[in-house]
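Reader: I'd like a close look at one helix and what comes right after it, and then a walk through other spots that catch your eye. Could you take me through it in plain words?

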Amino acid sequence: MGQHLGLSLLLSGPNAVDAKLAAAVVDIHTRDVVTGLDLRCAPRGAVFAGVPQLTDNAIDFATKVCRNLKSVCLINCLSLTDEAAMSIALNCPALTHLMLFQSRISDDGISQIAKQCTNLNSLHIQGSLSITEVSLKALVQDARRLASLTLRSCPQIKEDAIMSFLMEHPYLDKLVLKGMMAGESTIGVIPAYRAMSDDAELNGARQSSVLHRRLCLFRQLRCLALVKCPGLNDLSMLRFADIHFRMLRHLVIDDCRGVTQRGLMILVGHVMNPMKLKTIKLARFHFFTYAGLMEVLSLLSETIESIILDSCDFGLVMPLYHGEAVALECPKLKAIRLEHCESILNLFLAWVDMACCGLKELRLIGSTVPGQGHDISGCFFNILHKNRISKIELTRSCQVTDIHVCIIAQYCKGDLQELILDDCSHFLGNSVMFLRADCPNLIKLGLSRTQIDDDKIRILMAVGLEHLEEVNLMGCLWITDITMHILASSFLPKLRRLNVAGCPHVTRAAVDYYQRFWNIAF
């Protein structure tokens with residue numbers, strides 16, 4: 001049934017039909033307070049012949065009655081057409097946020113919304129076969145306040161259209177591309193694009209003036225995320241670089257297999273486009289060598305605050321030689337997340353030990369750290385000793401034992417607020433007394449699928465943890481109902497969330513009883 005959640009009207013599944021939407025709108029006495037409309041129809045393939053569906057007329061009725069809508073979200077509403085978009089355009093002058101997932105709305109509908117909804121700030125389009133570059137041109141012309149654009153799986157929008165949009169819409173703050181750009185135009189367009197210099201020489205001052213204005217145009221893009229875009233390659237990065245994103249602070253490149261270390265260097269190291277990135281995430285990314293990663297980081301060392309590396313390929317991994325680029329110091333680096341990058345773990349932690357002195361967050365996921373040899377353990381513990389780290393995650397780190405947890409507690413002490421040891425199967429819980437004594441400010445504790453038991457929980461909570469808000473014990477084979485009794489009897493004034501899902505010795509009766517104290521996942 002429709003729910004009036006604060007200032008939003010939500011209908012989902014079989015309730016997202018004309019009659020239910022009309023009834024929900026009629027039931028609202030003060031319709032002016034409704035600023036959000038969220039309609040989530042049954043997914044593709046779940047709609048059967050003869051079953052009522054949402055129609056354009058219902059959207060027209062709802063938007064006419066609720067005139068102050070600022071946010072509209074239409075998910076899997078395949079029965080809606082451009083008539084629904086026209087109703088939104090005409091009846092929602094205050095619209096700032098629009099999401100269209102799996103929609104039949106075409107360029108005509110987007111063009112009308114761009115023209116009429118002049119306050120549009122955020123647009124998310126996903127799974128549309130009808131949206132083309134025409135929509136982007138309409139956004140450039142009319143949606144001057146658009147700050148965030150997300151395009152996902154819209155195959156009719158090609159790379160050329162994206163580049164033109166970025167050139168002509170300088171006020172965009174965030175661009176997210178997922179599953180975009182099949183790459184048909186890249187090979188043919190880049191040589192012509194690079195030949196612009198020849199045309200400039202022939203056309204003289206007039207062409208040079210145009211280029212100069214483009215170079216000086218103040219672009220505000222601060223966040224660029226490229227995810228699963230198979231057509232992007234290193235030449236695409238050259239095109240991005242030539243647009244001159246001087247304000248870019250956050251960069252994500254995830255599973256864009258055609259983009260390599262060379263393209264990344266072009267993007268972040270362009271001599272005419274010096275970037276001051278704060279965060280960089282590279283997932284399923286290909287470096288030729290580990291030295292290539294260090295070369296990239298050396299370009300960002302003065303400004304980088306967060307580094308995320310996930311399942312990257314580093315080619316030939318060997319220590320750096322004299323003269324190779326390396327970021328000697330990263331004074332602003334606060335957070336590092338390394339996931340499934342075992343091949344460079346030793347070298348990377350040695351670099352972190354050398355380059356960082358203000359680290360606050362360290363996450364090493366799916367790694368064998370820190371247990372293979374004295375050197376790697378020494379680097380890890382040196383990092384803990386030199387930095388006041390408040391968040392540590394060692395998920396799926398099979399070598400982590402109670403000895404490591406003991407040293408973590410002794411080095412981090414009161415600074416430690418979050419410790420995640422999920423899937424650390426060799427952690428038995430024998431070091432919990434050190435966590436209790438040295439880490440009184442813990443807020444979040446993750447111990448899922450470890451060997452901890454009721455007795456260790458009793459020791460850990462003996463004097464209480466007054467800041468603790470969340471405990472994850474999912475899949476712990478030796479946890480029973482007694483643990484919940486211990487938690488309820490301990491001084492844990494801020495505990496709100498407890499996860500005991502998959503604990504075979506925890507009963508439904510105990511969960512039902514203690515549910516009044518916390519939000520329990522079972």
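**Helix H10 and beyond**

Author: Right after H10 comes His-244, and its phi is positive, near 70 degrees. Keep in mind that this is a predicted model.

Now for the helix itself. H10 covers residues 234-242, and 7 of its 9 residues are buried, so the rest of the structure largely encloses it. The buried set is made up of Asp-234, Ser-236, Met-237, Leu-238, Arg-239, Phe-240 and Ala-241, so you'll find charged side chains in there next to nonpolar ones like Leu-238 and Phe-240. At the N-terminal end, Asn-233 acts as the cap: one of its side-chain oxygens sits 3.0 Å from the backbone nitrogen of Leu-235.

Phe-240 also takes us into the largest nonpolar core. That core has 159 residues, and Phe-240 is among those that touch the most other members, along with Leu-21, Leu-149, Leu-293, Leu-309, Phe-348 and Trp-351. Take Leu-149 as an example: setting aside residues up to four places away in sequence, it touches Leu-123, Leu-136, Leu-139, Phe-165, Leu-172, Lys-174, Leu-175 and Val-176.

Leu-21, another name from that list, belongs to helix H1 (residues 18-27), where it is buried together with Ala-24 and Val-25. Looking down the axis of H1, the buried residues fall within an arc of 95 degrees, so they line one face of the helix. The face turned away from that buried side carries Ala-19 and Asp-27, both exposed. And what covers the buried residues? The cover includes strand S2 (8-12), strand S3 (36-40) and helix H2 (56-65).

Back to backbone angles, since His-244 has company. In general, most residues other than glycine have a negative phi. Asp-255 goes the other way, with phi near 60 degrees. Asp-255 is found in the loop between strand S10 (250-254) and helix H11 (261-269), and with a relative accessibility of 19% it counts as buried, because the cut-off is under 20%. Arg-284 isn't a glycine either, yet its phi is positive at about 50 degrees. Arg-284 sits in the loop that joins strand S11 (279-283) to helix H12 (290-300). At 29% relative accessibility, Arg-284 counts as partly exposed.

Follow that loop into H12 and you meet Tyr-290, which counts as buried at 2% relative accessibility. A polar atom of the Tyr-290 side chain lies 3.3 Å from the backbone oxygen of Leu-347. Tyr-290 is also 9.0 Å from Asp-313, C-alpha to C-alpha, with their positions 23 residues apart in sequence numbering.

One last stop, for anyone who likes electrostatics: Asp-402, in helix H15 (residues 402-412). Asp-402 is buried but has no salt bridge, and the nearest side chain of opposite charge, Lys-456, is 8.0 Å away. For comparison, a salt bridge would need the atoms within 4 Å. What Asp-402 does have is a polar side-chain atom 3.0 Å from the backbone nitrogen of Ser-431. Ser-431 is also one of its contacts outside the four nearest places in sequence, and the others are His-426, Phe-427, Leu-428, Gly-429 and Asn-430.

How values were computed
Residues numbered from 1 in each chain as written. Predicted model: local features only at pLDDT ≥ 70, side-chain atom pairs only at ≥ 80, totals over all residues. Heavy atoms only, no water. Buried < 20%, exposed > 50% of the residue type's maximum accessible area, 1.4 Å probe, protein only. Helix = DSSP H or I, 4+ residues; strand = E, 2+ residues; numbered from the N terminus. Arc of directions from axis to C-beta. Contact = heavy atoms within 4.5 Å. Polar contact = N/O pair within 3.5 Å; in protein donor to acceptor, adjacent residues only side chain to side chain. Core = buried A, V, L, I, M, F, W, Y, C linked by side-chain atoms within 4.5 Å.
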